[in-house]
Amino acid sequence: MLDNFINTEIDKKALARVQRMEAFYSGFDAEQLIKTVINQEFKNEVALFSSFGAHSALLIDMVAEVNPKTPILFLDTEKHFAKTYEYVEQITKKLCLKNVHFLKPDPKLVKNTDPNGELWSIQPNRCCWMRKVEPLQRAIKELGIKALITGRKRYQTSERNDMGYFQVDADGIFRINPLAFWDKDKIAKEFKFRQLPQHPLVAEGYKSIGCEPCTIPVGENGDERDGRWAHTADLYGEQKSECGIHLDEKTTSDWSV
Ligand code: SF4
């Protein structure tokens with residue numbers, strides 16, 4: 001749980017707010033929750049955080065229905081599949097999105113720490129920090145974001161299996177997880193009902209889609225998260241399952257050199 005990191009007076013207030021919101025909104029469905037956080041609870045302070053991956057169009061569509069001008073933050077790690085960039089363009093046009101931000105890594109950091117573009121193969125945690133965590137932290141400050149809507153689901157990983165609608169990170173930024181309690185069938189049905197286009201790599205056996213060097217197809221019967229960071233099992237002794245954007249990254253601040 002993100003709130004494991006809570007330790008200051010300000011953080012305690014944030015945790016109290018999480019508990020208050022969790023209790024108050026627990027009976028809301030995903031659509032009601034999205035509407036409320038955009039129009040009331042975090043009005044003008046909330047963004048959708050999206051990977052434009054296998055399931056992303058569903059939440060994007062739900063948010064755009066409420067307000068297509070809601071900021072959508074896409075981490076442009078510069079390591080995505082060409083088909084992901086095409087999909088971003090396709091979804092942006094189809095859903096008439098008005099406020100998609102491409103968050104890029106700091107060019108100086110890339111030059112200093114990943115000049116050959118192969119950091120992912122030797123220090124994937126550091127690569128994720130430089131290409132995802134740092135750009136997200138920067139955008140949150142620049143845009144005055146206080147809360148991020150995410151598409152994470154409980155069923156995806158053991159780290160997520162007790163996740164609620166609301167969390168708060170070490171910097172006091174709230175996470176809102178409207179699909180936390182959805183399962184694969186419900187997502188597939190709603191995706192079909194809304195007639196949303198699939199990411200083109202889904203048809204090629206990819207179930208969870210991230211950066212090209214760290215994503216492999218798992219086929220029809222494979223577990224979706226097995227296709228992410230498969231190469232890290234040898235490096236870290238266990239397969240990396242999270243990129244770090246939803247965890248406490250204060251311990252990794254020495255990477256900003
Ligand atoms: S997913 Fe891979 S390539 Fe992308 S930022 Fe993380 S380590 Fe780097």
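The following paragraphs lead through a predicted model, from its strands to its core and its ligand shell.

The parallel strands offer a starting point. Strand E1 (residues 46-50) runs parallel to E2, and 3 bridges join the two. Within this pairing, Leu48 stands opposite Ile72 of E2. The connection between these strands passes through helix H3 (residues 56-66), and E1, H3 and E2 together make a right-handed β-α-β unit. On its other pairing, E2 is joined by 4 bridges to strand E3 (residues 100-103), again in parallel. Here Ile72 has Val100 as its bridge partner in E3. The chain passes from E2 to E3 by way of helix H4 (residues 82-94), in a β-α-β crossover that is right-handed.

Strand E2 (residues 72-75) sends its side chains in two directions: Ile72 and Phe74 point one way, Leu73 and Leu75 the other, and all of them are buried.

Two residues in loops that adjoin E1 deserve attention for their backbone geometry. Asn44 lies in the loop between helix H2 (30-41) and E1, and its phi is near 65 degrees, a positive value in a residue other than glycine. Phe52 is placed in the loop between E1 and H3; although not a glycine, Phe52 also has a positive phi, of about 50 degrees. Are these two residues buried or exposed? Asn44 counts as exposed because it has 11 C-beta neighbours inside 10 Å, where the limit for exposure is 12 or fewer. Phe52 counts as buried because it has 24 such neighbours inside 10 Å, and 20 or more suffice.

The discussion now turns to the interior. In soluble globular proteins, nonpolar side chains tend to be buried together. In this model the largest nonpolar core comprises 54 residues, of which Val37, Ala47, Leu48, Ile60, Val63, Ile149 and Ile176 touch the most other members. Leu48, already met as the residue opposite Ile72, is thus named again among these well-connected members. Which residues does Ile149 contact, leaving aside its neighbours within four places in sequence? They are Ile34, Val37, Val46, Leu48, Phe49, Val63, Ile176 and Pro178.

The ligand provides the last stop. Its surroundings consist of 13 residues, the closest being Trp120, Cys127, Cys128, Cys211 and Cys214. Helix H7 (residues 124-143) gives the most to this shell, with 5 residues. By character, the shell divides into 8 nonpolar, 2 polar and 3 charged residues.

Note on methods: Residues numbered from 1 in each chain as written. Predicted model: local features only at pLDDT ≥ 70, side-chain atom pairs only at ≥ 80, totals over all residues. Core = buried A, V, L, I, M, F, W, Y, C linked by C-beta atoms within 7 Å. Contact = placed C-beta atoms within 7 Å. Near = placed C-beta within 6 Å. Nonpolar A, V, L, I, M, F, W, Y, C, P; charged D, E, K, R; others polar. Pairing = 2+ DSSP bridges. Right-handed = clockwise from strand over helix to strand, strands pointing away.
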